[in-house]
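Let's take a friendly walk through a protein chain together. Have a look at the sequence and the 3D view, then read on.

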Amino acid sequence: METNEWNHVETGLSTEEAKRRLIKNGPNRFDEQKKESVLTLLWRQMNSMLIYILVIAALISAFVGEVADTIIILLVVVLNAVIGVIQEAKAEKALEELKKISTPHAIVKRDGIVQEISSEEVVVGDVVILDAGRFVPADLHLVETANLKIEESSLTGESIAVEKDAHWTSIEKDVQLGDQKNRAFMSTLVTYGRGTGVVLETGMDTEIGKIAKMLANKEKEMTPLQKKLDEVGKILGIGALAISAVIFLIGFLQGREILDMFLIAVSLAVAAIPEGLPAIVTIVLALGVQRMIKQHAVIRKLPAVETLGSVSVICSDKTGTLTQNKMTVTHVYINGAYDRLEDTSIENETVERFIHAFSLCNDATLDTGDPTEMALVAAADKFGLSKKQLENEYPRLNERAFDSERKMMSTLHQLGEHHIVYVKGAVERLLPKLTKIEKNGATRPMTTEDKLAIEKQVDQMSENALRVLGIAYKRVTGQIDQKDYETDLVFLGLTGMIDPPREEVKPAIAECHEAGIAVIMITGDHQKTALAIAKELHIADHEDQTMTGVELNGMSDQKLAEKVGTIRVFARVSPEHKVRIVKALKSQGHIVSMTGDGVNDAPSLQEADVGVAMGITGTDVAKGASDVVLTDDNFATITHAVERGRNIYKNIKKSILFLLSCNLGELAALFIGILLGWPAPLTAIHILWVNLITDTMPAIALGVDPDDPDVMKEKPRSATEKIFTGENIAFSIGNGLLIGILTLFAFMEGLKVYTGASALWTLDLKHIPSEALIHAQTMAFMTLSISQLFHAFNLRSERKSLFQVGIFTNRLLMASFVFGILIQVAIVYTPIFNDWFHVIPLTWDDWLFILGLSVLPVVLNEIVKGVRRIFSIQ
């Protein structure tokens with residue numbers, strides 16, 4: 001802004017100058033963020049290694065003429081993408097919502113005339129008039145103030161309205177937003193008084209605009225599960241190519257037809273890749289979303305369901321999230337005693353007068369006004385003393401308004417034939433005005449000991465982060481000048497107020513601690529206030545666990561990363577600080593969740609692995625930047641969401657291990673059969689059908705397995721933890737080989753029976769009749785699919801017996817098991833399916849043989865689990 005503009009405060013800018021600046025700098029609004037197109041959303045769903053492999057498999061299948069295989073694979077790819085896009089259809093709304101909260105109109109002075117204009121037309125240098133109930137249209141330097149208070153919690157996180165003073169100056173260079181008393185910031189709300197300011201910044205250059213830039217520049221990161229699935233895709237892709245190449249080479253050396261070997265190699269690649277995995281993971285996450293909605297958590301971005309389960313740190317905004325965002329009188333000092341408000345009896349003359357005083361010396365109502373005054377009205381209301389009724393009984397005759405110099409307010413009321421003055425204000429300003437003290441209805445002169453006791457009590461209340469106000473009165477006979485209202489006063493008592501914690505938060509935090517999750521409070525409020533709340537909630541115990549924004553400014557990112565693990569409360573911080581804190585935690589390997597409701601929380605909500613916004617009190621900006629929205633604003637819902645996320649991850653892991661062990665079974669059957677020079681025991685369409693249909697239903701059912709009640713007693717899993725641990729690999733390979741061998745055994749038994757061979761070693765594998773081969777392949781196909789259906793029950797628990805878990809506790813799994821068998825039977829006995837799948841009807845003996853083999857995976861796994869339980873007991 002040009003230096004001579006301070007000379008134009010009386011007249012404001014000229015209309016011509018304002019137009020010139022508007023053209024030069026643009027409207028006072030936020031830059032539009034380009035919305036993501038449907039194609040962009042689709043690409044995000046398609047951009048994974050597993051999907052690439054599936055598309056390549058589909059192209060190869062089409063090239064060799066396997067049209068059915070191509071269609072099925074492409075259907076899976078489309079299904080996966082569509083489900084994901086539907087869940088994430090709402091594009092990021094953060095900047096759009098930021099724009100909405102900027103005020104529609106502003107009062108400015110131009111050409112010496114006060115006029116109302118659109119806030120978008122406000123330019124740098126404009127003189128803006130502020131009054132109660134009006135939003136600040138841009139960042140201002142205040143040049144005139146009269147009892148001006150501005151509520152800045154949505155920007156700074158501080159719950160108390162800030163007193164502004166145009167004459168305030170600071171000797172410090174680094175002053176936090178909440179302490180800049182001669183500035184007013186865009187989107188904050190004037191709650192009291194009036195003021196005049198000169199516009200310093202507009203649009204994207206304002207403090208709120210800086211937040212908008214931070215949101216716009218944030219790049220999306222892959223979630224832990226997406227990273228793990230991408231790793232799985234790479235491993236499977238490389239493995240499939242290697243196995244296909246090896247088997248093609250073996251076939252070539254065996255003298256088989258090159259085209260036949262190419263088809264077999266493609267079949268092996270298909271067998272190695274669980275085609276249904278991406279769709280199943282997406283479906284399981286989507287089902288998890290539906291279940292979480294019933295628990296008051298709306299998931300905006302699908303992968304956040306799983307990421308919640310791996311959270312190791314919850315960074316929570318204090319105001320409105322851990323606390324009620326509502327100043328509340330909690331303690332009083334009256335009649336020489338310090339008590340909680342609810343333990344105070346109104347059956348006392350002094351107590352009644354005390355309540356009358358702070359309710360009547362007050363310009364607020366229960367619903368509107370300064371938060372501190374509203375808290376006093378609410379306190380009176382708890383005792384059944386309505387402010388409106390009191391005002392009717394004791395009409396206000398005159399007043400002396402609060403100002404920042406006196407730090408007091410006084411009102412004159414009619415009291416029968418006499419008058420009474422009620423006074424409230426800062427104790428240090430009130431004490432010199434006191435000459436008497438009232439206790440239990442009796443008034444006596446105030447002594448030095450009385451004043452020392454009051455000062456001691458104020459110190460104690462301040463240590464507990466209470467905002468303290470002194471209350472006094474005096475009776476008046478005859479006329480009295482305003483300047484005499486605040487002399488020769490009688491002390492009644494002190495009120496202590498604070499923005500109190502939500503009732504449900506303390507047990508929720510205790511549950512987080514039991515689950516190994518650290519809770520960190522990040523707030524724009526003062527250090528003492530934040531620490532007092534943190535102590536009450538068992539987040540922190542002492543001041544060493546706190547850090548202020550000023551300390552943070554003097555610290556490098558590396559030093560912060562080293563220190564962040566010991567800090568539990570960050571106070572007086574700005575939006576940029578919150579982002580730095582989240583980044584520091586992430587650099588230490590933590591999976592970070594950030595909760596909040598204000599505009600100031602939006603960048604850190606987006607930076608965190610999981611951003612959690614409050615649905616009721618939360619701003620639309622916070623919701624737009626979040627991954628999860630709590631519809632009940634209950635911090636405890638976060639712990640339930642984490643618990644749900646942990647169980648969903650466990651269930652997804654069950655689904656993945658089930659699919660991979662099944663695919664290893666298919667791979668083992670094909671690889672071993674071809675290695676031994678046998679005819680292919682399965683065709684490509686058999687493998688695709690099993691992968692996409694027969695396996696998919698149990699995999700989804702495992703994905704919604706009943707929750708583990710002990711999941712919150714476990715520590716958070718590491719961000720680097722792999723899905724494939726040594727135990728999981730051994731389980732998958734063991735069961736895969738078992739299923740593969742059982743499939744081969746059924747195939748060879750089918751060949752023996754339907755070629756009329758007396759024993760397996762007498763088979764002439766070079767000259768197998770086509771009908772006998774199809775019969776044997778049908779038996780292999782049925783054994784493979786049904787043994788995998790049985791195998792799904794092994795995934796219910798790693799240690800517990802199926803009977804301990806309960807065979808029927810997962811009804812969806814039972815339904816998928818029964819349906820899977822019925823659909824396989826339908827394929828065998830329906831002529832049209834016989835042609836498509838190259839199968840023929842089986843006899844009762846065949847079915848008994850197949851069922852006998854198929855149940856073996858459950859029997860053997862139950863034996864292994866039993867041995868492990870016995871071993872662990874010993």
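The report below goes from the whole chain to some of its details.

## The chain as a whole

Please keep in mind that this is a predicted model. The mean pLDDT, a score for the predictor's confidence, is 84 for the protein chain, and 89% of the residues reach 70 or more. One stretch to treat with care is residues 90-103, where pLDDT stays under 50. The model still has 38 contacts beyond four places in sequence for this stretch. Where pLDDT is low, the predicted coordinates should not be read in detail.

The secondary structure comes to 34 helices and 24 strands. Of the 874 residues in the chain, 56% are buried. Among contacts between residues at least 6 apart in sequence, 72% join residues at least 24 apart. The chain exposes about 37400 Å², with carbon and sulfur atoms supplying 58% of that area.

## An enclosed helix and a surface patch

How many of the eight residues of helix H27 are buried? The count is seven, so this helix, residues 696-703, is largely enclosed by the rest of the structure. The buried residues are Thr696, Pro698, Ala699, Ile700, Ala701, Leu702 and Gly703.

For a contrasting scene, turn to the surface. A nonpolar patch there is formed by Val855, Leu856, Val859, Leu860, Ile863 and Val867, which together have about 450 Å² of accessible area. Leu860 sits in helix H34, which covers residues 856-873. With 38% relative accessibility, Leu860 counts as partly exposed. In general, an α-helix has 3.6 residues a turn, so residues three or four places apart point the same way.

## Charged partners

Side chains of opposite charge can pair when their charged atoms come close. This structure holds 36 salt bridges. One of them joins Arg194 and Glu144, with 3.3 Å from N to O. That pair links distant parts of the chain, with Arg194 in strand E7, Glu144 in strand E4 and their positions 50 residues apart. Arg194 is partly exposed at 47% relative accessibility, and Glu144 is partly exposed at 39%.

Another salt bridge connects Asp707 with Arg644, whose closest N and O atoms are 2.8 Å apart. This pair also links distant parts of the chain: Asp707 lies in the loop between H27 and helix H28, while Arg644 belongs to helix H25, and they are 63 residues apart. Is each partner buried or exposed? Asp707 is partly exposed, at 30%, whereas Arg644 is buried, at 8% relative accessibility. In addition, salt bridges that share partners join Glu17, Arg20 and Arg21 into one network.

Arg340 and Asp343 make a salt bridge as well, at 3.0 Å from N to O. Arg340 is partly exposed, with a relative accessible area of 41%, and Asp343 is partly exposed at 43%.

## Backbone angles and cysteines

Most residues other than glycine have a negative phi, and most peptide bonds are trans. Asp111 has a positive phi, near 55 degrees. Its place is the loop between strands E1 and E2, and Asp111 is partly exposed at 42% relative accessibility. Lys407, which is not a glycine, has a positive phi of about 55 degrees. Lys407 is found in the loop between strands E12 and E13, where it is partly exposed at 29%.

How many disulfides does a search of the whole structure find? The result is zero. Two cysteines to look up in the view are Cys315, buried at 0% relative accessibility, and Cys361, buried with a relative accessible area of 0%.

Technical notes. Residues numbered from 1 in each chain as written. Predicted model: local features only at pLDDT ≥ 70, side-chain atom pairs only at ≥ 80, totals over all residues. Heavy atoms only, no water. Patch = residues over 30% accessible without salt bridge, like charges linked within 9 Å, V, L, I, M, F, W, Y side chains within 5 Å. Areas by Shrake-Rupley, 256 points an atom, 1.4 Å probe, with all protein chains shown as cover. Salt bridge = Lys/Arg side-chain N within 4 Å of Asp/Glu carboxyl O. Helix = DSSP H or I, 4+ residues; strand = E, 2+ residues; numbered from the N terminus. Buried < 20%, exposed > 50% of the residue type's maximum accessible area, 1.4 Å probe, protein only. Disulfide = S-S within 2.5 Å. pLDDT = per-residue confidence, 0-100. Contact = heavy atoms within 4.5 Å.
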